[in-house]
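Reader: I'm new to this one and would like to go through it slowly. Could you put it up so that we can talk it over?

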Amino acid sequence: MSFVAKLQRAREVLQQQGRLSVRALARELDLRGDELDELIAELVDVQQLAVRESSVLVWTAREAGMNPASRRSAPDPRTYTPKHLADK
């Protein structure tokens with residue numbers, strides 16, 4: 001199984017479970033050594049879909065299939081609301 005396929009599977013498992021130990025994830029995906037660290041870094045640091053709490057990964061993405069563009073903060077409503085309404 002390719003790294004990307006394992007990454008996709010890890011996302012699915014973690015999203016379904018909500019919380020999962022790093023050890024359980026490694027066992028589920030048959031990950032060893034640096035591959036596990038790289039997968040966790042991808043989920044936590046790059047894609048920002050999870051956080052690591054000691055030896056546990058916690059799913060933090062708000063919705064499945066979220067792409068990086070959708071994680072950007074929404075514009076301030078005052079920037080597109082007519083002034084007479086924004087003042088209220």
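Reader: Which residues of H3 are buried?
Author: In H3, the buried residues (buried meaning under 20% relative accessible area, exposed over 50%, partly exposed in between, with a 1.4 Å probe and protein chains only) are Leu-36, Leu-39, Ile-40, Leu-43 and Val-44. Seen down the helix axis they fall within an arc of 115°, so they line one face of H3; the arc is that of the directions from the helix axis to the C-beta atoms.

Reader: What is it that covers the buried residues of H3?
Author: The cover includes H1, H2, E2 and E3, where contact means heavy atoms within 4.5 Å. These labels are DSSP runs numbered from the N terminus, with helices being H or I of at least four residues and strands E of at least two.

Reader: And which exposed residues does H3 carry on the face turned away from its buried side?
Author: That face carries Asp-34, Asp-45 and Val-46. After H3 comes Gln-48, which has a positive phi near 50°.

Reader: Before going on, what sort of model is this?
Author: It is a predicted model, in which local features need pLDDT of at least 70 and side-chain atom pairs count only at pLDDT 80 or more, while totals for chains, interfaces and linings use all residues. Residues are numbered from 1 along each chain as its sequence is written, and side-chain values use heavy atoms, with hydrogens and water left out.

Reader: Now the sheet: in what order do the strands come?
Author: The order is E1-E3-E2 in an open sheet of 3 strands with antiparallel pairing, and two strands pair if DSSP finds at least two bridges between them. E1 and E2 stand at the edges with a single partner strand each, so one side of each has no neighbour in the sheet.

Reader: How many bridges join E2 and E3?
Author: Strand E2, residues 50-53, and strand E3, residues 56-59, pair over 4 bridges, and Glu-53 stands opposite Val-56. The two strands form a hairpin with 2 residues between them, and Ser-54 in that turn has a positive phi of about 60°.

Reader: Over to H2, then: which of its residues are buried?
Author: In H2, which spans residues 22-29, Val-22, Leu-25, Ala-26 and Leu-29 are buried. They cover an arc of only 100° around the axis, which puts them on the same side of H2, whereas Arg-23 and Arg-27 are exposed on the face turned away from that buried side.
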